[in-house]
Structures are given as C-alpha cells and as structure tokens.
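I opened the model to look up a few backbone details, a sheet and a helix. My notes follow.

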Amino acid sequence: MPLTTAGGGAEETHAAIAVIDDTGTVIGWSRAAEDLLGYRAADVIGRSGAALLTTHDRAARIAAWAHRFGDQEHWSGLTSVLHRDGRAILTQLEGSRLRIRDGTTSWLLAATPFRGGVAAISALEPLIRRSPVAVGVWDADLRCVWLNEMAQRLRRVFPHYQVGRSLAELLPGPEAELAVGAMRAVLADGIPLIDRESRWTTADGRSERTLTTSLFRLEGRDGQALGVCSLAMDITDSPARERLALLRQVSTRVGTTLDVSQTAQELADLAVPVLGDYVTVDLNESVLPNSEVPSRPPVTEAGIPVFRRAGAASIHPGIPESPWARGEVIYVPPTSPFTRVLASGRSHFEPVLDASPGTWVDYDPQRARTIRDAGIHTLIIVPLRARGDILGVTVFIRTENPTPFTLDDLDLAEEFVARAALSLDNALRYTRERTAALALQRNLLPRRLTGGDAVEVASRYLPAGTHEGVGGDWYDAIPLRDGRLALVVGDVTGHGINAAATMGRLRTAVRTLTNLGLPPAELLADLDNVVARMSEQEADTEGIALDAMGATCLYALYDPVTRHCVLATAGHPPPALVAPGGGVTFPRLPPGTPIGLGAGTYESLDLELAAGTLIALYTDGLIETREADLEAGMDRLAAALSPVSLPLDDLCDSVIEAMVADSSEDDVALLLARTRALPER
C-alpha cells in the first residue's frame, strides 16, 4: 500500500507476509518478510514462529495470543518482532484465519513496520498525521520511530527532532533527563502522564516556548509494553493561557507603588490588548483624596462631572480614542450607562454598541464622535469595587479587533477588575492617610523660625517618598527670655498620622520644658520621664505599646553673650559645626538613650563657638540610605556644607539637593543656625 512519510513524501511499502500453521510452524515467507527481518525463506520455513518474537516473556505472549484471538477470524495490533541481527522492530501486525480443506487452520500474518519515518497505523493514520497535536511514537528503548507533521514542526525548539534518534539525543541538557525519566515511568507502570507543562528555549535562543505534553504507553495485543506515544501542544500563544496569565499578573504588575494615578495606569496598561484595544480607568471624584484633584467643576450642558480620568491605554500610539487626558474631568449624561454602573454597581455589557438615534449616545455628543471616528463597536463597563465602595469604572472597548465581546470576556473583565481594585483601594487609602498626616505635620511644625539678633536660622522639611508614609521628624528654634536660643531636632518612631501626632506632643513638651530654663541634659531626662508616663497611661487605656512613643532628640542651648553652646543627645546623630573658615566637625557628644524608656541618663557637652559658626541639626533621613551607612552620609554632609558663605536659605536648598535623591527613603528635617557677633552697646 502507498504510505506518506513523516516528512510529507510518499513511497511504496509492502507488508511482510508470513503463514503459520496451527502448530505455530512457519509454512510461508514472502520477499518483503525477508527484507524486514533479514531471514531468508529457507531459514524460517519449517521452524517455530516463536523464534521471530522478542525473547522477553515469549511463551506467555504466545499463550495470551492463543487465548484472546484463537477463535477470531481477524485481529490487528502493535507488536515487536525480532530481526536476524537481534534488533527489535515495532510493527503493526494483522492476523487473518485461513481454513484448509483438510479441516486444519493456518494464520496469515501481515507486518508493516514503523521505520525510517514510514508508518501504517490504520485507516485513522491520515487524520493523525495531519493532527494539530504533535504526535510521536517511541519504541521500548525510547528511540523515535514515527512523527506526524506537527511534530516535525517542533524542530524550531528541538532541531534534532527526527525519526531514528533516541530521546536523549533529541533534547538538550538536563531537560532530557526529566523527559526520559517520565517516559520510562509510563513505560514501566502504564499510568498515563497528562498535560505536563514545560518551558523550552528555541534553538536560536531568541524566545521561550511553553509545551504541554501527555504520554501514553503503547501495548501489543498480547499486553506487552512496546513503547510510548507522546502528544504535545505549543500553548505559548494560547488565548486561554494568555488570559490566565493576565489574572496572575494583576498582583505583581498592578499596585507596584501606592500612587493612585500610577496604579490606575498600570491597570489600563495590563488590560491592553488582552481585554480590549482601548481601556480607561475613571475614578469617582468623591473617593479621590483632596490632593489628587482641584476644586469640583460645575455642571455643564455636557453632563455631570462624575469621574476623573486616572488611566488610559490603547493599541494606538497617543491614544487617539480618548477625548480626555489623564487628570481631566469626565462629564457624563445622567442617562448614560456610566452613571447607571456607578449607581447600581453592576457591569454594563453591550456586545454590539448601539449608537443609533434615540439611544444614550444622543445625549453625549463628544463620545458619539469618538465612537464614530475610532470605530468603537463593542463595550464593557465594569465598576471598580473594593470593600463595599465603588471607586469608579473601568471601560473596555474594541476597535481594530472585529470580534464582539462575549460573556466569557465579561467574566474575565470583572475578575480582572476585582483583583486590580484592591490595589487601587490600597493606594487611595494610603494617599488619604499620607495627605492627612502631611497636613497635620505641617500644622504642627513651626511656620516661622526666629533666632533673634544673635542667630540666623533656616530650615527645610522633606516627607518620605516611600510606602511607609509620613514620619515624625520635627525641628524648632525657641528663644528664651534671657536672650539664649534653644535649637531642637527630633525623630519619632514610626510613620503615619500617629507619628505626626506624637511629634506634635513632643514638640509642645520640649517648648514647655525649655521655658523653665532647664539645662539640656536635665531637660532630656524630664522629657524622657514625661513621654514614658504618657506611654504607660495610653497603654492602660488604649492598648498602645510603650515604644509607640519612642523618639530620638538633639537639644542645643546657645548663649550669644558667652558664645557657649551646650548640647545633649538622646540617641540622635551629632550636629555638624562649620567654622567661619569652612572646616566641618561632628562633635562627639556623650551618648544618651532614646526618649520614652523612662530610665535615661544624659550628659551635656559645652562648646565655645566663634561668631559666624554654622550649626547644622538634622534627622537621620538626611545622611542614611540603604546603600551607605551613617559615617558615609556624614562625610557627604560635610562636603555639602562647604559653601558656608551662602545665605542660609540657599544653603538649605543646596544641602537638600546634594544629599537627597528625587524621592527620599525617610523623612528629612534640616535646621541651620549661624551665630552672629552681638552689636556693641
């Protein structure tokens, strides 16, 4: 019969014919049988046909055949037969009963080999050969004996994938060991391996492909394990896989920061083009923090200012489908599906967008023009819901993709938005708290500092740009009635509103104790006791931990008459002193424990400062980074303070620019004070 090779060509292959009598003796032998097995007719006629079977469990196989097929007129199946040189050859064997006139029975056996890419399986062979699934047949030694056309195409991944080679030769590196182990397990126990997913790099190294493979044991009609059939599919570009990957990526690609606008944009970017050709994220103005939007726009003929565009993405550069830029107010008619989604909390699904006269589009001329110009033909609007609140809507649109949205698309869009909404809600909550903490801190920090006639002062405060939120850094300059000036800088443990509120209480306590005229060391000891008592009282009533009130503090008291400056520290970095000539030193202060433990002891250091000396007090956010320790930061600060002749405000800006990147890892407080010579009286 003519057979098609795995490579697509055709050749004539004749079945090898043998005849055995009812005793199992070979009585007929064709030329094709001689070609297949290497035996001449004279070598086998008159001998037992059992010699043509592989030696493993030969007697049991003959008994099984006789039991299963002894009363049948015709049978077929796979089996291994023995070549004269000892090789096992996998064949498709068919048996037909021959009835002799004398009443005896013989069998006509026709064997067609899997060999050299030629296969004759059955009438199903043309279907299997052209199957979209890559099909391979492997013998008991895991040598490839047949591949269909789709399997041949896997040469992009496996360049040596061809008939006649063993599995270990076809696959690269350690992956071959895993594949061989899996095949041998299936060959040994007969338990199929279903949908095993694996990733392979193409031969040129340019891309990675994902295959799913199933393995089944091939058995002869006698039950013998003859080999393994492999079924493989390249699912790298599978739509279902792509959609599952989309849902998995929501948690890693949406919400990478706690910035509301960036999170909304990440949501839109991830959804294009898997979910839509054009996707927008519009947030309800009522949920946005005050710092995110300007004052509420008025109602106009275009509709109600319900949303603000927070994110937009398109398959087209420049997003020509969007009449509104990010940050702009979105007006919608009261009868539009956008307002209905916002009011009901249910998605709007319009597989065929109806923009004909008399629909809601009549009341939204700007969107009508966009629908017409961009070719928008299918629409899904999904509410952004988190923790019971509707934050806004996400809109999915197709323009270039001609396929209308389906209910499966709606389910996927809703699941996608539900996952992304949690990240967006986290960003909104963080922004609200950060805004409130910043407002509280700015109200608690001094708005105007004065050092009197003897000292010039300037300050800067920079909130952290990280997720931890606003901290409790503070600074102060407190003139005393006797002409002395107290300079204070501190850093409260923790971040957020609690830290800002604690900072305000500590600043008030320091001012109160300063007005009592206490020396720096004694003032820090009293402050430590006050804070410890406050912590104990609040722990009793509100369950706040003792260390929630912890802080570091540096206190300096300068007398312009004597030009003496007395300093004490409670676990805070030392000040920088810049001499009038420009030399920078960091005086080593007696150590002191942080404020709030209730058992701190503090000592002072008394220094005489020349007129024109610059005193720099700061928090650790100015000098400490993840890449460098405090010592390295102090060296950098010394260099940043070197243009000592600059006006103090300009010097503050220069130091901040030199020491802090675009976004600081911690709050930064900087207080600069320059001593002056007192005017002669």
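**Notebook: backbone, sheet, helix**

I found P273 in the loop between α9 (260-271) and β13 (278-284). Helices (H or I, at least four residues) and strands (E, at least two) are DSSP runs, numbered from the N terminus. I noted that the peptide bond from V272 to P273 is cis, with omega near 5 degrees. Most peptide bonds are trans.

This is a predicted model, where local features need pLDDT of at least 70, side-chain atom pairs count only at pLDDT 80 or more, and totals for chains, interfaces and linings use all residues. Residues are numbered from 1 along each chain as its sequence is written, and side-chain values use heavy atoms, without hydrogens and water.

Next I checked phi. D195, not a glycine, has a positive phi of about 50 degrees. D195 is in strand β10. I looked up its relative accessible area: 54%, so D195 is exposed (buried is under 20%, exposed over 50%, partly exposed in between; 1.4 Å probe, protein chains only).

Then I turned to the sheet. It is open, has 5 strands and runs β9-β8-β12-β11-β10, with antiparallel pairing (strands pair if DSSP finds at least two bridges between them). β9 (144-147) and β10 (193-201) stand at the edges, each with a single partner strand, so one side of each lacks a neighbour in the sheet. I saw that β8 (residues 134-139) and β12 (residues 225-234) pair over 6 bridges. A134 stands opposite A232 in β12.

Last, I took helix α15 (residues 630-640). Its buried residues include G633, M634 and L637. On the other side of α15, E631 and D635 are exposed.
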